[in-house]
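The following exercises, each with a worked solution, concern one protein model with bound DNA. Please examine the sequence and the structure before starting.

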Amino acid sequence: MIGLADCNNFYASCERVFNPKLKNKPVVVLSNNDGCVIARSNEAKLLGVKMGEPAFKIKSLIKNHDIAVFSTNFALYGDFSDRVMSILKSEIDNVEVYSIDEAFLDFQGIDSLAKAEYIIQKVKKWTGIPISIGIAPTKVLAKLANTIAKKYTNKGVFLLDSPSLINRALSFFSVDELWGIGSRYAKRLKYFGINTALDFRNTDRKWLRKNFSINAVHLQKELYGKSIYELETKKVRKKNICTSRSFFEDINNYSRLRQAISQFANNCAVKLRKEKSCCSCVTVFLRTNFFKQDKKQYFPAITLNFPTPTNDSMEIVSMANMALKKIYKKEFNYKKAGVIVQNIVPADYVQMSLFDQINRKSRRKIMSSVDKINLLMGRDKIYLASQSARNRIEMKQQRLSPCYTTRFSDILKISI
DNA sequence: TCTGGGGTCCTAGGACCC
DNA sequence: TCTGGGGTCCTAGGACCC
């Protein structure tokens, strides 16, 4: 049996931990630049706040119902995620951390209901985060069981095991609630009269294979209780690493854009070194504002290759800036830009080049010193000149909560 | 006025090979 | 009249996830 542990309204719950006044109050968390709603408490959901809705469209709703609004505080959420995951790992041997707020648990040979209830209480007590656990024979069914646990139980646990129970659940859920069926597939399936999860499971396999992808067939098998998606407990190397941002204000100025690309490229390099990986190429993309449809759009991207795979900030930043130079056109205003590093290989498995001009040994030493200092003294204490620390490209984050658990100056003070 | 960021996988079609 | 067959690799685009 597989369990899926999922934090309830995770970001909103994190904001509540050190702010008890928010209990039973509607809470929403916004995306970067305070743009869209990306998390809602149950109370906010009941008020009709939709996922992904632009904040400016619900201004009056926020005001009328006194909804608490927060900018994203990833330092806080990331730290809470680590805490929750480590508790799960202390209770269950095989845990697959699937996302910032979800993990699959190996419940094989365990009295799963009792264990799940215990874990929920422990996580709540130790971190303040409410979680739900769904248990079933496959991952897809565990996802469904989790939805039931979250929405229709008091304890937050649901065991979906017997065939008759599974059948009942499948007939109850709409096909678009299945894990792996998004809005596009749902629309097409409904067009063919496949409305419930049960309809989907009973669809002819060959027809599914022909009209959808192999994933649809896998999904169907999982619904029959045949496990296709195994528990993956080993950490896998990322295949792409991307840093991109929308700008609060459009950027037209080349040197400003260069500064942003330098920041993004350096960020990718830092992430690569953290993963002990090297990349073989770097992609830079720009994008004008899609929402300004009256303006002419431009969304170029270019990929440049490295002669030798690298995770050296200086190399990656200068290559990214070369790429920017090739695609930049001064007649456009840019809303978003990003850097992607790809074709990633393990750092200790790099094919050397015969004509390499760089002294890699000393470069590695420099980079590891920079990483150490920045880890100790704070992010970007040492940076490349092209990143230009003064006048950095900042995000709009007007409702940022303190980093209660990761910054000494933000630790909660109470007077007794 | 204002609209996120970071990933993965699959497939069709083109380019190329013998 | 009549235009092969079998294969690989790469890429862009589309779909999905949180």
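**Exercise 1. Identify the bridge partner of Leu30 in E3, and describe the sheet around it.**

Solution. Step 1: Leu30 has Val37 as its bridge partner in E3. Helices (H or I, at least four residues) and strands (E, at least two) are DSSP runs, numbered from the N terminus.

Step 2: The pairing of strand E2 (residues 27-30) with E3 is antiparallel and extends over 3 bridges. Two strands count as paired if DSSP finds at least two bridges between them. Strands of a sheet pair through backbone hydrogen bonds, either parallel or antiparallel.

Step 3: The order E3-E2-E4 describes an open sheet of 3 strands with mixed pairing. Strand E3 (37-40) and strand E4 (68-71) form the edges; each has a single partner strand, so one side of each lacks a neighbour in the sheet. From one strand to the next, the twist averages 25°.

Step 4: Helix H1 (residues 10-17) packs on this sheet and touches E2, E3 and E4, its direction making about 110° with that of E2. Contact here means heavy atoms within 4.5 Å. Axes are lines fitted to C-alpha atoms, for helices over the stretch in contact, and angles run from 0 to 180 degrees between N-to-C directions.

The model is predicted: local features need pLDDT of at least 70 and side-chain atom pairs count only at pLDDT 80 or more, while totals for chains, interfaces and linings use all residues. Residues are numbered from 1 along each chain as its sequence is written, chains are lettered from A and ligands numbered from 1 in the order in which they are written, and side-chain values use heavy atoms, with hydrogens and water left out.

**Exercise 2. Describe the protein surface near DNA strand B.**

Solution. Step 1: There are 24 residues around DNA strand B, and Ser31, Asn32, Cys242, Ser244 and Ser246 come nearest. A residue is near a strand if one of its heavy atoms lies within 4 Å of it.

Step 2: Sugar or phosphate supplies 72% of the atoms of DNA strand B within 4 Å of the protein, and bases supply the rest.

Step 3: Consider the polar contacts, that is, pairs of N or O atoms within 3.5 Å. A polar backbone atom of Cys242 lies 2.6 Å from a phosphate oxygen of DNA strand B, and a side-chain N or O atom of Arg209 lies 3.2 Å from a phosphate oxygen. The side chain of Ser31 places an N or O atom 2.9 Å from a sugar or linking oxygen of the DNA strand.

Step 4: Helix H11 (214-223), strand E9 (241-251) and strand E12 (334-342) are the elements giving two or more residues to this surface. E9 gives the most, with 6 residues.

**Exercise 3. Which residues come nearest to DNA strand C, and which parts of the strand do the protein atoms approach?**

Solution. Step 1: Asp101, Glu102, Lys143, Arg184 and Tyr185 come nearest, out of 13 residues around DNA strand C. Sugar and phosphate make up 100% of the atoms of this DNA strand that come within 4 Å of the protein.

Step 2: Gly182 has a polar backbone atom 2.9 Å from a phosphate oxygen of DNA strand C, and Ile181 has a backbone N or O atom 3.4 Å from a phosphate oxygen.

Step 3: Strand E5 (95-99) and helix H8 (183-191) are the elements that give two or more residues to the surface. H8 gives the most, with 3 residues.

Conventions:
A polar contact is a pair of N or O atoms within 3.5 Å; within protein, one must be able to donate a hydrogen and the other to accept it, and residues adjacent in sequence count only if both atoms are side-chain atoms.
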